[in-house]
Amino acid sequence: MVAQTSKSNQGSLLEKLIAKAPVHIAVVAISFIWTLPTIGLLISSFRKAEELTQTGWWTVFEHPFNFTQFHLANYADVLTGQGMGQAFLNSLVISIPATVMPIAMATFAAYALAWMRFPGRQLLLALIIGLLVVPLQMTLIPVLRTYNQLGLAGSFLAVWLAHTGYGLPLGVYLLRNYIGTLPKDLIEAATMDGASHLKIFTRIIVPLSTPAIASFAVFQFLWVWNDLLVALVYLGGSKEVAPVTLVLRNLVGDRGQDWHLLTAGAFISMIVPLVVFFSLQRYFVRGLLAGSVKG
Amino acid sequence: MQDASNLTRILGAIAAILFGSGGILALFYGANRIVNRFSQTWRDRILPWVYIGPAMVMLTAYLILPTLRTIYLSFLDRGSDKFIGLKNYTFAFTNDAMLTAFRNNLLWLVLVTFISVALGLVIAVLVDRVKYEPLAKGLIFLPMAISFVGASVIWRFVYAYSPPGADQIGLLNAIAVGLGFEPIGWLVNKALNNFALIAIMIWLQTGFCMVLLSSAIKGIPGDVLEAARMDGANELQVFWRITIPMIRSTILVVTTTLTVLVLKVFDIVFVMTGGNLDTDVIASLMIKQMFKFRDFGKGSAIAVVLLLAVIPVMVVNIRRFRQQEVN
């Protein structure tokens, strides 16, 4: 921002425009290339099955106003015929508790780590930072075995708990960093007034930490919604509980050439994350920055 | 009939959401009530553990104990009945499929981190100079919201192959044919398929690099840049001599984050090629050992290999955290 104002005050507007042309061309070209694959998918998902396998999706622009080349039948088919509708519900059932549970646990833990004095605090923090990068693969076999013994495999509870465990290191870390920077006076004043920890927590910490909580919520939600590995391992093959990612991946395996189903199915699996992403991008970016840069 | 079952499904979903979300809050309030019956000194001693307890229980149950157990299992045979020493590790470091996976993982690591960071940096510098920066950034960042499975479907379509003569429906082959080449089997040609998969990851992660690097670039004080320009430095010199050194720590963070992410990559390979035609990576081979061959010893050993690979990153992160706490 500052750099721009300092750049050049001399020279006409035209000169500036020409000087900047390569920048504009590069930015527009990259944005275009980056968006093209997704656009192709979206357009194709509305095309008829037989046309889809005959001609490229860009041919729709030969008759851009001929709306008869589009229809919604692919969506109807994949939602009801291929079980994507059920999977969509399952994804919601999996993602919402798997987001709320780690938020609650992480916020309480982050408060304790930031504002309570107890032995082993630093060690715990170092441990949590170490756990941030542990590959999930390290945990799959033992957890699956325990689930099989307890009869939990294939249940929503199994994935809720697993996602909670896996999401906690990031949540505690992000929230502790944020809660640790809240003004000390505020908390001390509340303690002087005789407020209990729970009161400080619910009345001061949680309201002031909403941006950080929102960041983690967006993160965790997108992560859980988009997850394939955890669902694949702990839910197995049962259709009643499979989320969209699992159904989509099975669709690729079974009907790999049925592009009308694949494109519509992929878009259904993407719609919720895209909406969340666009409406809450601010928080998502803030979470990214706090999660990596400051760490 | 259909409507009724849908309704029960939705009601069941809402009940499940309420149960899963409400249970955890009830837990904290209940624990707090119990602690309140103790005397003040005991309360102060117990309360931190009540707050941190549930998180610690979950971390122990889902990360710490399973990790230790996997290390133990990696020394046992396929059914975890007999101790077989380092045999699984001999397999992990000598088996042909594993060696191919190591090669592929190295290729992924080098290409994804280098290209994503470099491209992200260039884009971050470029978009800083245009008025429609938020729009351009949003479009490049967008793939971050898409799952690996969704991205795989998108790119399978881009790579789609039709025999020569037929109309190509895949974007890349349409371009290839338009330029006068034969259509290319991007995912079956062994010289190309790994690169085709790596490109997907680059497409997904460049936006992440761009966002982090862009915010670091905006944090460089304006007068530093201005002073350099006053001294006659051109834009390229400013970029190499000032921008890059000043955002070095962010570049390091982005690189380590990508390293960990790439090491764990599994979904793209699993969905696109199933690891066939020499495209397996370490993480996808681990799943194969687990589900296809039911060899939990080898699967565990491969997972341990992955853990060993991320330990340097872990050490760097903890050290950086220690430094911050001192400051």
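Contact here means heavy atoms within 4.5 Å. The model is a predicted one, and what follows describes three helix pairs, one of them in chain B, and then the enclosed spaces.

**Helix packing**

On that definition of contact, F148(B), A151(B), I154(B) and W155(B) in α6(B) meet I200(B), M201(B), W203(B) and L204(B) in α8(B). Sorted by class, this contact between α6(B) and α8(B) comprises eight nonpolar residues, with no polar and no charged residues. Helix α6(B) covers residues 148-158 and helix α8(B) covers residues 193-218, and the two pack at an angle of about 125 degrees with their axes 10 Å apart. Because of that angle, α6(B) counts as oblique to α8(B), and the crossing of the two helices is right-handed.

In chain A, helix α2 (residues 13-44) and helix α14 (residues 259-279) pack at an angle of about 115 degrees, their axes being 8 Å apart. The crossing of α2(A) and α14(A) is left-handed. Helix α2(A) contributes T38(A), L41(A), L42(A) and S44(A) to the contact, while α14(A) contributes T263(A), A266(A), F267(A) and M270(A). By class, the residues of this contact between α2(A) and α14(A) divide into five nonpolar, three polar and no charged.

A further pair in chain A is formed by α5(A) and helix α10 (residues 197-208), whose axes come within 12 Å and cross at roughly 110 degrees. At that angle, α5(A) is therefore roughly perpendicular to α10(A). The residues that make the contact are T107(A), F108(A), Y111(A) and W115(A) on α5(A), together with H197(A), L198(A), I200(A), F201(A) and I205(A) on α10(A). The contact of α5(A) with α10(A) has seven nonpolar and two polar residues, and no charged residues.

The angles and axis distances of the pairs are set out below.

| Helix pair | Angle | Axis distance |
|---|---|---|
| α6(B) and α8(B) | about 125 degrees | 10 Å |
| α2(A) and α14(A) | about 115 degrees | 8 Å |
| α5(A) and α10(A) | roughly 110 degrees | within 12 Å |

**Cavities**

The model holds three cavities of 30 Å³ or more. The largest cavity has a volume of about 1,400 Å³, and its lining is made up of 50 residues, of which F219(A), W223(A), T257(B), L261(B) and K264(B) lie nearest its centre. Two or more residues of this lining come from each of α6 (121-131), α8 (156-180), α11 (210-226) and α15 (281-293) of chain A, and likewise from each of α8, α11 (248-263) and α14 (296-326) of chain B. Helix α11(B) gives the largest share of the lining of the largest cavity, six residues. By class, the lining of the largest cavity divides into 33 nonpolar, 13 polar and four charged residues.

The second largest cavity contains about 40 Å³ of space. The residues that line this second largest cavity are S91(A), I94(A), S95(A), H163(A), V224(A), W225(A), D227(A), A231(A) and P243(A). The elements of chain A that give two or more residues to the lining of the second largest cavity are α5 (84-115) and α11, and the largest share, three residues, comes from α5(A). The lining of the second largest cavity divides into five nonpolar, three polar and one charged. Helix α5(A) thus appears both in this lining and in the packing against α10(A).

Technical notes. Residues numbered from 1 in each chain as written. Chains lettered and ligands numbered in written order. Predicted model: local features only at pLDDT ≥ 70, side-chain atom pairs only at ≥ 80, totals over all residues. Heavy atoms only, no water. Axes fitted to C-alpha atoms, helices over the stretch in contact; angles between N-to-C directions. Helix = DSSP H or I, 4+ residues; strand = E, 2+ residues; numbered from the N terminus. Parallel < 35°, antiparallel > 145°, perpendicular 65-115°, else oblique. Left-handed = near helix turned anticlockwise from the far one by under 90°. Nonpolar A, V, L, I, M, F, W, Y, C, P; charged D, E, K, R; others polar. 1 Å grid on protein atoms, 1.4 Å probe; cavity = no way out; pocket = protein on both sides within 12 Å on 5 of 7 lines; lining within 4 Å. Points joined across faces, edges and corners; volume = space filled by probe spheres on them.
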